[in-house]
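User: I would like to learn how to read the core and the pockets of a protein model. Could we go through one together, feature by feature?

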Amino acid sequence: MLSKQKEAIEKARKEGKLEDLQVPKPSTSTVISSYHTEQVPPEYLKYYLYAEKEYGIPWHYLAFIHGIETGFSKHPTMISLVRAVGHLQFMRGRP
């Protein structure tokens, strides 16, 4: 499934049509957050693709983490029970 998503994104990237692209959320065998959706929201693709290019992290890893941790930023407080924060739920450094 991820290879099909990657192919679809690469094709849309070449054609300049990323805004119109609908990409299914990567599947997993782990417990899925109650905030998950069936599609990766297209408004986040540009950020995933930028991070992939800039830092070498495959876009689908970021989409997966974002979907699991905050349901693509639909979590009401964006703060977990263990105090992780933000869209991908990173832990703050110690002072």
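**Reading burial, core and pocket**

Analyst: Let us begin with burial over the whole chain: of its 95 residues, 35% count as buried. Please keep in mind that this is a predicted model, and that every value discussed here is computed from it.

User: Which elements does the chain have, and in what order do they run from the N terminus on?

Analyst: The chain has three helices and two strands, and, read from the N terminus, these elements follow the order α-β-β-α-α. As for contacts between residues at least 6 apart in sequence, 40% of them join residues at least 24 apart. The chain exposes about 6800 Å², of which carbon and sulfur atoms supply 58%.

User: How should I read a nonpolar core, and which residues make up the largest nonpolar core here?

Analyst: The general idea is that, in soluble globular proteins, nonpolar side chains tend to be buried together. In this model the largest nonpolar core has 11 residues, namely Ile9, Val40, Tyr44, Leu45, Tyr48, Leu49, Ala51, Trp59, Leu62, Ala63 and Phe72. H2 and H3 each supply at least two residues of this core, and H2 gives the most, with five residues. To see how one member is placed, take Ala63, which touches Val40, Tyr48 and Phe72 when residues up to four places away in sequence are not counted.

User: Is Leu45 buried or exposed, and why?

Analyst: Leu45, which is found in helix H2, counts as buried because its relative accessible area is 1%, whereas the cut-off for burial is under 20%. The C-alpha atoms of Leu45 and His60 are separated by 9.5 Å, although these residues lie 15 residues apart along the chain.

User: Turning to the pocket, what volume does the largest pocket have, and which residues line it?

Analyst: For a pocket, one may read the volume, then the lining, and then the chemical character of that lining. The largest pocket has a volume of about 250 Å³, and its lining consists of Tyr44, Tyr47, Tyr48, Ala51, Tyr55, Ile57, Leu62, His66, His87 and Leu88. Helix H2 (42–55) and helix H3 (59–70) are the elements that give two or more residues to this lining, with H2 giving the most, five residues.

User: How many residues of that lining are nonpolar, polar or charged?

Analyst: The lining of the largest pocket divides into eight nonpolar residues, two polar residues and no charged ones. Taking both features together, H2 gives the most to the core and also gives the most to the lining of the largest pocket.

Key. Residues are numbered from 1 along each chain as its sequence is written. This is a predicted model: local features need pLDDT of at least 70, side-chain atom pairs count only at pLDDT 80 or more; totals for chains, interfaces and linings use all residues. Side-chain values use heavy atoms; hydrogens and water are left out. On a 1 Å grid over the protein atoms alone, a cavity is a set of points where a 1.4 Å probe fits but cannot get out, and a pocket is an open set with protein on both sides within 12 Å along at least five of seven lines; lining residues have an atom within 4 Å of a point. Grid points are joined across faces, edges and corners, and a volume is the space filled by probe spheres set on the points. Helices (H or I, at least four residues) and strands (E, at least two) are DSSP runs, numbered from the N terminus. Ala, Val, Leu, Ile, Met, Phe, Trp, Tyr, Cys and Pro count as nonpolar, Asp, Glu, Lys and Arg as charged, and the others, Gly among them, as polar. Buried means under 20% relative accessible area, exposed over 50%, partly exposed in between (1.4 Å probe, protein chains only). Contact means heavy atoms within 4.5 Å. Accessible areas come from the Shrake-Rupley method with a 1.4 Å probe; for residues, only the protein chains shown count as cover. A nonpolar core is a set of buried Ala, Val, Leu, Ile, Met, Phe, Trp, Tyr and Cys residues joined through side-chain atoms within 4.5 Å.
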